[in-house]
Amino acid sequence: MFSRDFNPPSAQSYFLFGPRGSGKSAFVENFYRDGLLFDLLDSAVFNELLANPRALSARIPEGFSSWVVIDEVQKVPALLDEVHRLIEKRRLKFVLTGSSARRLRRGHVNLLAGRALTRRLHPLTAAELGGDFNLARALEYGHLPAACTADNPGDFLKSYVHTYLREEIQQEGLTRNLPAFGRFMEAASFSQGAPLNISAIARDCAVSRKVAENYFSILRDTLLSHEIPVFARRAKRDLVARVKFYFFDAGVFRPAGPYDSDSETGGVALETLVLQELAARNDYSDFNYTIHYWRTRQGAEVDFVLYGERGLKAIEVKNSPRARREALKGLRLFKKEHPQARLMFVYTGRRRFHEDGVDIVPAEMFLPRVDDYLAH
């Protein structure tokens, strides 16, 4: 149905991180068919290597020259010392997958500095789906592989948050108060696509601000969220200072906290879909943009600002079949401060055209061709 555009390093060991359900295990199993796989979700493998990390060396034949894959490496952080030794002594190449580096970093374990790269796998992109990309389905169910292939994607998404709470949060011991964290997940979903007010969310789920800050750090570390900073370079206007918050996938934030109607979610779902496409293609194609947003204290806003060696791009997103002039106001104000910026307006209409220096592009055209827009 689809193929991944992710291009892994060809000669150097690397960590492959990605949110739960993004397809890491399926990718490594298909791509490294000649490799040696250690799946730490397999209880027998997990128990053996937890008890004796040095057993890893004995399980790898002498003279083995292909890739060694350790899936869910954060479950046995002590393995990284052995991996380090095997890279040095036997010149082995490793792929180390995981949905979080939190447990590794906080345990002060060996992260193989200089010996392993770090890469990230995202949900599927429109380009990867090709002819199977469907905008209406993507806005409702997102682009996690299982949501794209399941007969009942809604059922999958409803269980996703519960599975995450049970397996990622409880088993990894990230918080002891699962009911409070569940309330937090729902409260956070109402901040999707908005400047983040941590104090208000703490009040909504009856926890302290410090606890809420820790909960947001859990979402960041388990790659379930994006926090977009404001673009303040050479600012001439008074700008907001808060980051803008998104769950990582357009399908996930809905079951995280159900809204009253599709009309309340359609706009932010399209924003989320555009963001996840920008983040994925930026990583996969090595464009090296930083992703921001722009918002004045008077309320003028641009949803996404991309800044890098390839220039400055400002993108406004509207779930509307018409490109009304007033919807371009934020882009025009941004242009006054940054005349060099390329302006894009992504909407759900059918016609592509140019108006007042703005490239107006249908979402169904923009999303499968994000690389083209970022490259120029």
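In which sense do strand 13 and strand 14 pair, and over how many bridges? In this predicted model, strand 13 and strand 14 (residues 358-362) are joined over three bridges, and their sense is antiparallel. One facing pair at this place can be named: E355 stands opposite V358, which belongs to strand 14.

## The six-stranded sheet

Strand 13 and strand 14 belong to an open sheet of six strands. Read across the sheet, the order is 9-10-11-12-14-13, and the pairing is mixed. Strand 9 (290-295) and strand 13 (353-355) are the edge strands, and each of them pairs on one side only. From one strand to the next, the twist averages 30°.

## The five-stranded sheet

A further open sheet has five strands in the order 2-3-4-1-5, and here the pairing is parallel. Why do strand 2 and strand 5 each have one side without a neighbour in the sheet? Strand 2 (36-39) and strand 5 stand at the edges and have a single partner strand each, so one side of each remains without a neighbour in the sheet. The twist in this sheet averages 20° from one strand to the next.

The partner of strand 2 in the strand order is strand 3. Strand 2 and strand 3 (residues 67-71) run parallel and are joined by four bridges. Within this pair, L37 stands opposite V69 of strand 3.

## A helix across the strands

Helix 1 (residues 24-31) lies across several strands of the five-stranded sheet, namely strand 1 (14-17), strand 2, strand 3 and strand 4 (93-98). The direction of helix 1 is at about 135° to strand 1.

## The largest pocket

How much space lies in the largest pocket? The space amounts to about 530 Å³. The lining consists of 19 residues, and those nearest the centre of the pocket are R120, H122, A279, N282 and D283. Strand 5 (117-120), strand 7 (225-228) and helix 14 (262-284) are the elements that give two or more residues to this lining. Strand 5 is thus named twice in this report: as an edge of the five-stranded sheet and as a contributor to the lining of the largest pocket.

Which element supplies the largest share of the lining? Helix 14 does, with five residues. By chemical character, the residues of the lining divide into seven nonpolar, six polar and six charged.

How values were computed:
Residues numbered from 1 in each chain as written. Predicted model: local features only at pLDDT ≥ 70, side-chain atom pairs only at ≥ 80, totals over all residues. Heavy atoms only, no water. Pairing = 2+ DSSP bridges. Axes fitted to C-alpha atoms, helices over the stretch in contact; angles between N-to-C directions. 1 Å grid on protein atoms, 1.4 Å probe; cavity = no way out; pocket = protein on both sides within 12 Å on 5 of 7 lines; lining within 4 Å. Points joined across faces, edges and corners; volume = space filled by probe spheres on them. Nonpolar A, V, L, I, M, F, W, Y, C, P; charged D, E, K, R; others polar. Contact = heavy atoms within 4.5 Å.
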